[in-house]
Amino acid sequence: MGSTSSGMNIIITGVGGQGNVLAARLLASAAMKAGYDVLVSELYGSAQRGGPVISYIKIRRGRVLAPLIMRGTAQAAISLEIGEILRRIEYIAPGALMVINDYALPSSEVLTSGAHYPTREEVYEILRPISSNVYFIPATEIAVKELGSARVANVLMLGAFIQLSKLDISDELMLETLEENIPARYIELNKRAYFKGKEIASSLIK
Amino acid sequence: MSLREILKLDKPGHRVLMMGNYAIARGAIEAGVEVATGYPGTPSTEALEALASVSDELGFYVELSVNEKVAVEVAGGAALAGYKAMSTMKHVGLNVASDIVQTLNLSGIDDGALVLYVADDPGAWVSQNEQDTRVFANFLHLPCLTPHRPGHAKELTIKAFEISKKYSLPVILRTTHRVSHASGVVELGEIPTRTMRPGVFKKNLEKYYLGDVYVQKLHEELHEKLLKLEKEFGDPSLHIVKKSGEIGIIGDGVAFTYAAEAVEILGAESEVSLLGLSAVNPLPTELLLDFLRDMRQVLVVEEVEPYLETQLKAIIGDAGLNVKVLGRKTGHIPWSSELDLELVTKALAKILGKEERMKKVMAVNMDVVEKAKKLTPPRYLSFCPGCPHLATFYELKRAMLFEHVDLRKAPIPLDIGCYGLAPFSAVKIGDISFCMGSGIGVAQGLEIAMEQQIPVVGVIGDSTFYHAGMPALLNAAWNNHPIIMLVADNRTTAMTGHQPHPGVPRRIDGKETIWIKPEDIARATGYEFVEVIDPYDVNKSVETFRKAIRYVRDRRKPAVIVARRECALIAPTKPPYKVDPDKCTGCKVCLTMFGCQALQWDPSTRKVLIRPELCVGCGVCAQICPFKAIVPGGE
């Protein structure tokens, strides 16, 4: 059940408003173009913003039978927020690839109670026994500083993930997917975010 | 390709990734839909939106109706004149529509077609209950199809139109959350050329005048139709049948797909036979018996109620078979919440004695999970930054406190919409949330029973107001229930993703129309106290709420307040505010009494800061801060 080019179970975790659902559909759509069968299912509560969101993406060379995955069977995880990976940790398989946005979005519960918010070091400590294949990427920070919009952090993370994963998804298919799914005036920005993510990821590979 | 281009693409065989709701819209287009109506409701909404996005170009009619009952009446009317019509709604929407459906089943729809797309929400992720539309379909005597993935949903939508026309009966297409909102590969079919020919209504009192003169005959005919449908649904090619061992799984919808994958995970292909049903009312008895005769025991995998389970037992009993039925009643499947792959695999593993194999696949390090759970930050539902509802509730609570209302006693019924998040916000207000329109209705009964000095405030949203709040509004006026009705008008149906409603001068297809204001309706029905407030103006809003409380107490008459401000997700944003650290005393009033998500506590400085990427510049917190420490950021 290793993460190979024959397919994988992927989860994307984050907070409502971070573009989780879009990232999942972009990834699945590009994978479909690359000849995989795909099923995506996501879960978000009633709120438009601020709630925990999880997407399940199943990609197979053969047929994907059902949406959702069992615990301990996600061969990859993308977390758009640093604390949210912990909420879904039981889904992550040993040795899984984890690409985590080094960006904290403390909930109002934490803020008003003054409760502790997990740091990058604490999160890494917890994840390490499961997998050493963990990458922290300051996606939101770079998206704001270098691209001028926090909203493309999701696509930046996607670029980093595709660079680090072994999925056979070419840039060409990914760019085609962006063009089909993103409003015209934001396409260039998203393409830049995608390549920025790939660039950062390749600098992280030892 | 954009969604609109995909919906219009006449390229049979082309494969695209589509959400279940879009696949259903595409299915309706391929079936030649001529009229589509509906009311937003998660997880169904995107189907109607998708249809509206291409209706002009493809030449059919779409409307977002005021509620589901009206939607089905409009679609049903068009079907009576020979059109192919569709209505979309969520499971609880069918409750609202059921009155008309319980007559259209008897009258039929002549040679038109009427498909009711009803999306269920097992787990009630975004609903007030878990309700099983298959049970309702049985009660409504209507054929019911249950797709299991987006591509299948498209195919069954086309089938639903065919059956509806063939039997002159409305057909229910029942999905669940994980079909409607899942995205999967869909193969496109042909788009028929469409000519919106004038419809013809063939007068026939014996069919359309429901009452004791004709109705018994219609009832008998309906049952005759159902007997024929049972045969039609017996066609094995409509279902998934995989005969193998003596242990069988029977299921439908997405639940069946979990079972199919569970068999693969457990490597039980040679032991387990599968029957995945695509049509569940009426149940194809012969097909089921063919399957059941070779089984020793059968696990029934279905969401939400033991609908198949119960009927299967009757079928087995009638046929005198000796097959053990496993499911909810034997404890293999839980009675509430949605099913998932793990749950179904577990049930099957238990039956097959393959628990060890399942454990091997699921490599969960419980130690790590325990540690992670301790560190996982709590994160509940909350209002978006700049949400006008949050400001409205802050102001209502302030006014109640100023007027010495005992907040422990005063009931505040809420309604269905984003404002229902109020009890979970920092404002912590709101006590009841039932169903569409009940916020105003329940408030009236509470008022009868409460002490007179305790004002009852019924809260309702804008779309909800038109949907089911208006009869309750009339009732409060006519029967004189002295309550405060708060209409939280954010100029959109926000929770389902920003659809228009009669309080917006724009139809779902983008065309202009009239703006019907709640305050005008209230005034026209005799309300004397009707005020419109802007929740972003804190002092004025608090003052108006106080006036309303005094009015209701002193005059013993109902009052209406419309809190109007566009949803922060669609309104243009303004530059973010910032905190002046010299003035911020760290009192936390903004965090604990108001609690906008953009406001955050900085433990290092012990002061509040504003996250510029979240702040929409509404300025409400600046008005709330007792030390005037929150100021416009200016960039």
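Start with helix α6 of chain A, residues 153–164. Helix α6(A) lies across β4, β5 and β6 of chain A, running at about 140° to β5(A). Some terms, quickly. Helices (H or I, at least four residues) and strands (E, at least two) are DSSP runs, numbered from the N terminus. Axes are lines fitted to C-alpha atoms, for helices over the stretch in contact, and angles run from 0 to 180 degrees between N-to-C directions. Residues are in contact if their C-beta atoms, placed from the backbone, lie within 7 Å.

This is a predicted model: local features need pLDDT of at least 70, side-chain atom pairs count only at pLDDT 80 or more, and totals for chains, interfaces and linings use all residues. Residues are numbered from 1 along each chain as its sequence is written, while chains are lettered from A and ligands numbered from 1 in the order in which they are written.

Now the sheet under that helix. Which strands form it, and in what order? Eight strands, open, running β6(A)-β5(A)-β4(A)-β1(A)-β3(A)-β2(A)-β8(B)-β1(B). The pairing is mixed. Two strands pair if DSSP finds at least two bridges between them. In general, strands of a sheet pair through backbone hydrogen bonds, either parallel or antiparallel.

At the edges stand β6 (134–137) of chain A and β1 (15–19) of chain B, each paired on one side only. From one strand to the next, the twist averages 25°.

Look inside chain A. Strand β1(A), residues 7–15, runs parallel to β4(A), residues 74–79, with four bridges joining them. One partner pair there is T13(A) with S79(A).

Next, the place where the chains join in this sheet. β2(A) pairs with β8(B), residues 183–187, in the antiparallel sense, over two bridges. V40(A) has S183(B) as its bridge partner.

How many residues does each chain give to the contact? Chain A gives 52, chain B gives 53. On the side of chain A that touches chain B, β2(A) gives the most, with seven residues. By class, that side of chain A has 28 nonpolar, 14 polar and 10 charged residues. Ala, Val, Leu, Ile, Met, Phe, Trp, Tyr, Cys and Pro count as nonpolar; Asp, Glu, Lys and Arg as charged; the others, Gly among them, as polar.

Back to helices. α7(A), residues 171–181, and α8(A), residues 184–204, pack at about 150°, their axes 10 Å apart. That makes α7(A) roughly antiparallel to α8(A); the cut-offs are under 35 degrees for roughly parallel, over 145 for roughly antiparallel, 65 to 115 for roughly perpendicular, and oblique for the rest. Residues making the contact include M174(A) and L178(A) of α7(A), and I187(A) and Y194(A) of α8(A).

On to chain B. Its domains are 1 (3–232), 2 (239–361), 3 (388–564) and 4 (577–632), with bounds from an automatic or database domain assignment. The C-alpha centres of domains 3 and 4 of chain B lie 28 Å apart. Domain 3 of chain B brings eight residues to their contact, domain 4 of chain B brings 11. Helix α17(B) gives the most on the domain 3 side, with three residues.

Last, a second open sheet, in chain B. Four strands run β17-β18-β20-β19, in parallel. Why do β17(B) and β19(B) each have one side without a neighbour in the sheet? They stand at the edges, each with a single partner strand, so one side is left free of neighbours there. Neighbouring strands turn by 20° against each other on average, direction ignored. Helix α17(B), residues 388–402, packs on this sheet, touching β17, β18 and β20 of chain B.

Terms used
Two residues are in contact if their C-beta atoms, placed from the backbone, lie within 7 Å.
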